[in-house]
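Reader: I am new to this structure and would be grateful for a close look at one part of it. Could you please describe how one of the chains meets its neighbours?

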Amino acid sequence: MAKNKFGFSIHHDRQHNLDTADRNLYNRIALVEPSIQRCIFCGGCASTCTASKFTDLSFRLVSLNLRRGYIDEVKEMVARCMLCGKCTMVCPRDVNIRHLMVLLKKEFSENEF
Amino acid sequence: MIELKGKERIWEKYQKEIPLDRYYYARSCIRQNFWPGSETTFIKILEEELGKTILDEEHHTTCSGIAYHCDVIPQETTMTIVARQFSLMCESGYEHFVPSCITSFGIYTEILETWNEHPEVEEKIKRMLMEATGREFRKPKFLVHPSDVIYALRFDILKKAKYRLVNAKTGEPLKCVEHVGCHYAKMFPDKGVGGAEFPRVLMGMIEAWGGEVVDYPERRTCCGFGFRQYMVQANRGYSIACTKRKFDSMEPYKPDLIVTNCPGCPFFLDRWQYVIAEMEGKVYTEDGYGIPVLTYEELAGIVLGYNPWELGLQMHQVSVEPLLKKIGFEYDPLDKFKVGNQTILTLPEAPGVLKV
Amino acid sequence: MEETKKHVLIVGAGIAGLEAATHLEELGYKVSIIEKQQVTGGHVKNWFKTFPYFDASEAIINFAERSLSKFDVYNETQLTYAERNDNGFKVNTDKNKQFQADAILLTPGFKVFDAHKKEEYGYGIFQHVITNADLEKYFRNGWPERDNKNLRFGFIHCVGSRDAKSGNLYCSKVCCATAVKQAIEVRQHFPDSEVYCFYMDLRMFGKNYEEMFQAAQEKHGINFVRARLSEVNQNFDNTLLIKVEDTLTSRPMKLTLDYIVLMSGMEPAENAAQLSQIFGVPTDESGFFAPEKYLVSENNTVSEGVFVAGTATGPKTITETINDARSAALAIHHYLSHSRIPTEHGKE
Amino acid sequence: MNFDPFVLPFLIGMIYLLIILSWRYFKWLDELKVSDRAKFIRGIFSLNFFKAIRDVFAESLFHRKVFKVNFFLGLMHMSLAFFWFLLIVVGSFESKLFSKYPFNAPYDPVFFRFFEHDFQNFGAHGWFTFFMDFFLLVLLIAVGLAVFKKVHSSFFGLKKATRHRFVDRLARIFLWLIFPLRWLAESATAGIHHNGGFLTQSTGNVMASFMNLWYFEYPLWWLYSSALGAFFVILPFSRYMHIPTEIILIFLRRFGIKNDKEIKGFANFEIQSCSSCGICISTCQMADAAGMHGQQAVYYLQKLRFKRNFEDPVFNCLMCGRCNFYCPVGIDIAHLRDLNRQKMMPTLKNDHSYLDKEVVVQVENPVRVVYFAGCMSHLRPGTTNAIINIFEKAGVDYVFADKDGSVCCGRPMSILGATEEAQGMIKKNTEIITSSGAKVLVTSCPICLKMFRENYDLPMHVIHHTEFLKMLVVTKRLKLKKTTESFVYHDPCELGRGLGEYKDARELLQYMGNPDRTSFKKKRSLCCGGSLANLRIRADQRQKITADAFEKLTRRNPDYLITACPRCEQTFSTVADRTVMDVAELVEMNMID
């Protein structure tokens, strides 16, 4: 951890390194529910989402962040989902979003991240 | 594998005509404070070593580039100030404008290009200069940066060189990082030697004087100064993060030195090494001294065997002694904190992590 | 009887020229083609497979050359001069072969964008930065020796297309589908490889293109990242490091790759400007031939008796090129049999 | 006392079976809740005991419900069960009457013909031999039918036969061998001793004509006894466990014992009562329309019995409840699945705290009716608009609780086995709904309705909009005209099989016209394929179910398909070649002043 010795500290580098990204969770999930691979990040899910009316929840970002290995972000969003399933009803690529949400919820409940 | 042919193909595209004599020299605002030996050395090399004519003009002012890049003055003001510098040059009978500062070079380039594209702006500035100072000006025939000049004269310098950028013990070329200031050619690639993507200007000097250039991934990245990033203290974390990214990227290549052609870059690449060491305990060389950072004039001075303490190398945070030792440079370490022959300067406080 | 046949001269023996020649010959015209290359078939001859059905390019060439023996082809010949006379056009070439033609069809095709121009992408500087055209050659002629394990490929879309910095504002149309096709081929060729496509937009406009894209995602596990490459660098271990912004998460991102494939777009053929001048056919701001009337009469030109077809009028797929060539053949037929399709220009 | 060593296989098998059954049944009864055990004791001494006996005859022996599915399937099952039963009962009477001693050896009736050849003093002999042979003949025909069914299951109304496990197939071989062997053994004895009836004696005569029966008689009895013994030994580990278990299950049901919250006790009786008949396979739309196999009730129960991994059948299910309705044994499969869902779903780490922070409940002037559209209804604005327009027209004093977006009712989470995790939503919705001060909660979504009724504690009537609209018409606050268009009505699973609400929508529709007849109505209705309960099913499989259901419902070519669930409406719309709409939309179209 950088010390704040001179009135400022070294800013965290925002650049994401895909080489070191942890894609294990994504790979594991995609094996069980391969339809996630079809996602084109259109955001239809997020726009219809019941919860997104009240809080930051976008499956589009869950899908992306999962691929990029931003597990904390994924975890936070997934916890907010109410599983109503509207997203799945509007998905143009027939991604089984509700199943993915349940799988992720289970992952975060059963395993340490 | 890097294909040199590919680079040469690009360099062919970015040949720049560099005048070989009669320079009108405009000093930099900040270099004189940061690296007081550099500009003097430039003049010394040109006049004494190579017998060129150079006018070290004392009436010119700032180009106002820092204010311009910090968004605090309008462009017309900057243009009028620049117009005045040109008028000074004309009055002295010179046509080759050589601004010491890279940002000034960028400003002058940008303004000349603007005037080329929009002659009405030039007319307006002529009017404004006349109204404000009663002066007239002509645009310089050549606008070149002093690093262009040294690049053009690199083989002449080589002829007089006492040292090479070669490890005296092993005979291997030193690994040199070249860092070209952003305002040199990133805005107008055809105004820099070798263009913006693979600039040749510093590379040419290093290779001519025996060194080997390191091509590391973050080569193009800014030194971290970024004007607003450093000037506002709240943003300094971004400034140093940028510098750190560069160092992290060059570290595996184990560079022996860094050469720069900008006033700010050597300052930040030098001083931030100290700050990173203090904050994170991280030093980028195995010996614990850090990577020495030089201006191209200082480098030329070393190659020519000038007294390092007259070059002002004691102003560097990262010690240059390991580098001098590597090339077998003979110097008196006791002279480091002397001014002239007499007064001994107060010894600076040693940093916490970096070795000196 | 031979002498009474009307003569059509075609410039360029790519698939457009060949297809038009086939139909014109069947319609009873004498057809000659001059081609600057050694062989006929144009660019398609250099390709390996075509999208979206992965048919071999040979099949396309075989189809286009089905009537090759029925007309005269002059290879390694370039048109140098032409003048209009009472009987049509008098044409001369660099080999001093002269033609008297009743109508001219210009099918000079396109030129692959020279990726060297995008200096920051390091083509010609970093060994494993290649173009889509290079990749087709690799597929045709075999890969240069390479450790085949765990290679990481990055496909960079829109190189020289939709790029003001390259001077080309238009979309080259075929590169998106080509990238997806090649990405799939790479995954099939190197099953352990990882493939990323960096796109600005994915323009899967044709039939079965979107399906191919979906298969690329789902069956072949190809990663699509909406990003535009800023610069390519080389790592200490000689792998390539690219920097992009992952625009959908709004974060700068870097990634190490073993191969970078630049999806070079289409530019007007090298001799397009010269032909334009010789025949008085205007070009648009991008340098492609301007037709007499956009949308409705794209094979006719303002220069009477001079027709255009194929990618010389703008980027086209193989199917579109072939159809365009047939359309041009019909337009020439109408012109030569004095039953020209009435157009604004043609009203007499 | 008659005895011969060949009776030993039968005897040992039977004793072994009795011990195993006693042990198991005792254990399972012991697992019942204390209150259920009390019910059991009370039940034995009540009228229900006799009612249960009647049920046993109706179901276990006559297989009444199987007949409903298919006549031949019923006939086969009835023949096997009832006539075997008769064979045993009448055989016992015969042997006991003959020996004039009620406590003869248990194998006496089974091997009666071997031991007894002289019937001089047994007047009823002729009757007995006739009936016993008749029963045997029926059983042989039944076995023949069973073999035929294995080849042509569709003849019996079954589109696909159950895939049985090895032990089940082995047990079936023994079972199928029993009756032919008995026939041969008795015939052989009849051929020698002339003690057979119309079937066995004639067969015996034929056999005697070309073989020396003295050599064959004894081994045949050995084989017969061995087949019986083997069947008994294997029975407790095979699906034939259903034969004795279903009887106990019928008694337990009559005594008012129901499924508990865990898979033990009563659940064990249910699981072991499944005969693997496979009716649930044909009625499962996942199998029928989407070609999915292995998840149906029969396989789920099979896996439960054999302690195999049953995760897929537990979660890969639409929970439409069709198999519950069609199961001839009446096993509450949906409940058995739900029990394991609740058990297998880990406690999900949800964070619904934003509901408390972000969702502001505005207490307005109390109204009489609170309308809660539900998440899904927001994708069908035609329905919600229709309801609002009707409310306005009828002058209903209402508030639209989730006009600006719903908080999910919690059923989508609950139906996956995470009921506890839905508490935050339940709390919030309760707060929103009760703040209206309304007396009636009207919802458009059957999914919400089921949740509100079963998992909420709301101080008001909770009804579906079909019921409310019907009330508006009945009380003349709304007048409807007949429509000229034809339509068919689809019962949503959650509203119909889930809550038993079939009446109101139909009565409401009657004001506008007669729905087309369809055999897929009420408890026989189909799932639209959009069920929230199944996460594993692929989109293309779902679509097959939807298309198949739509085709079945619209066979009479109606102008509209009418339903009462936004989810069904949305799902059907994706495949529809005609208008799909909610009852409320039809009402809106046909309102008159």
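Author: The account below takes up chain A and the two interfaces listed for it, and then turns to chain B.

This is a predicted model, in which local features need pLDDT of at least 70, side-chain atom pairs count only at pLDDT 80 or more, and totals for chains, interfaces and linings use all residues. Residues are numbered from 1 along each chain as its sequence is written, chains are lettered from A and ligands numbered from 1 in the order in which they are written, and side-chain values use heavy atoms, with hydrogens and water left out.

The interface with chain D comes first. Among the four pairs of chains that touch, chains A and D have the most contacts, a contact meaning heavy atoms within 4.5 Å. On the chain D side 34 residues take part, and they are in contact with 28 residues of chain A. About 2,600 Å² is buried between chain D and chain A, and carbon and sulfur atoms give 63% of it; buried area is the accessible area (1.4 Å probe) that two parts lose on being put together, summed over both. D:Lys349, D:Tyr354 and D:Leu535 supply 24% of the area that chain D buries against chain A, more than any other three residues.

The rule finds zero salt bridges across the interface of chain D and chain A, a salt bridge being a side-chain nitrogen of Lys or Arg within 4 Å of a carboxyl oxygen of Asp or Glu. Polar contacts, by comparison, join twelve residue pairs between chain D and chain A (both at pLDDT 80 or more). A polar contact is a pair of N or O atoms within 3.5 Å; within protein, one must be able to donate a hydrogen and the other to accept it, and residues adjacent in sequence count only if both atoms are side-chain atoms.

Helix 19 (353–358), helix 21 (411–414) and helix 27 (566–573) of chain D are the elements that give two or more residues to the side touching chain A. Helices (H or I, at least four residues) and strands (E, at least two) are DSSP runs, numbered from the N terminus. Helix 19 of chain D provides the largest share of that side, three residues. By class, the side of chain D that touches chain A has 20 nonpolar, seven polar and seven charged residues. Here Ala, Val, Leu, Ile, Met, Phe, Trp, Tyr, Cys and Pro count as nonpolar, Asp, Glu, Lys and Arg as charged, and the others, Gly among them, as polar.

The interface with chain B follows. Twelve residues of chain A are in contact with 16 residues of chain B, and the two chains bury about 1,300 Å² between them, 63% of it on carbon and sulfur atoms. Half of the area that chain A buries against chain B, 50%, is supplied by A:Phe6, A:Phe8 and A:Ile10, more than any other three residues. One salt bridge is counted between chain A and chain B: B:Arg245 pairs with A:Asp13, the closest N and O atoms being 2.8 Å apart. The side of chain A that touches chain B has five nonpolar, four polar and three charged residues. Three residue pairs are in polar contact between chain A and chain B (both at pLDDT 80 or more).

Chain B itself has 16 helices and eight strands. Along its principal axes, the C-alpha trace of chain B spans about 60 × 55 × 50 Å. Chain B and chain D do not touch, and their nearest C-alpha atoms are 32 Å apart.
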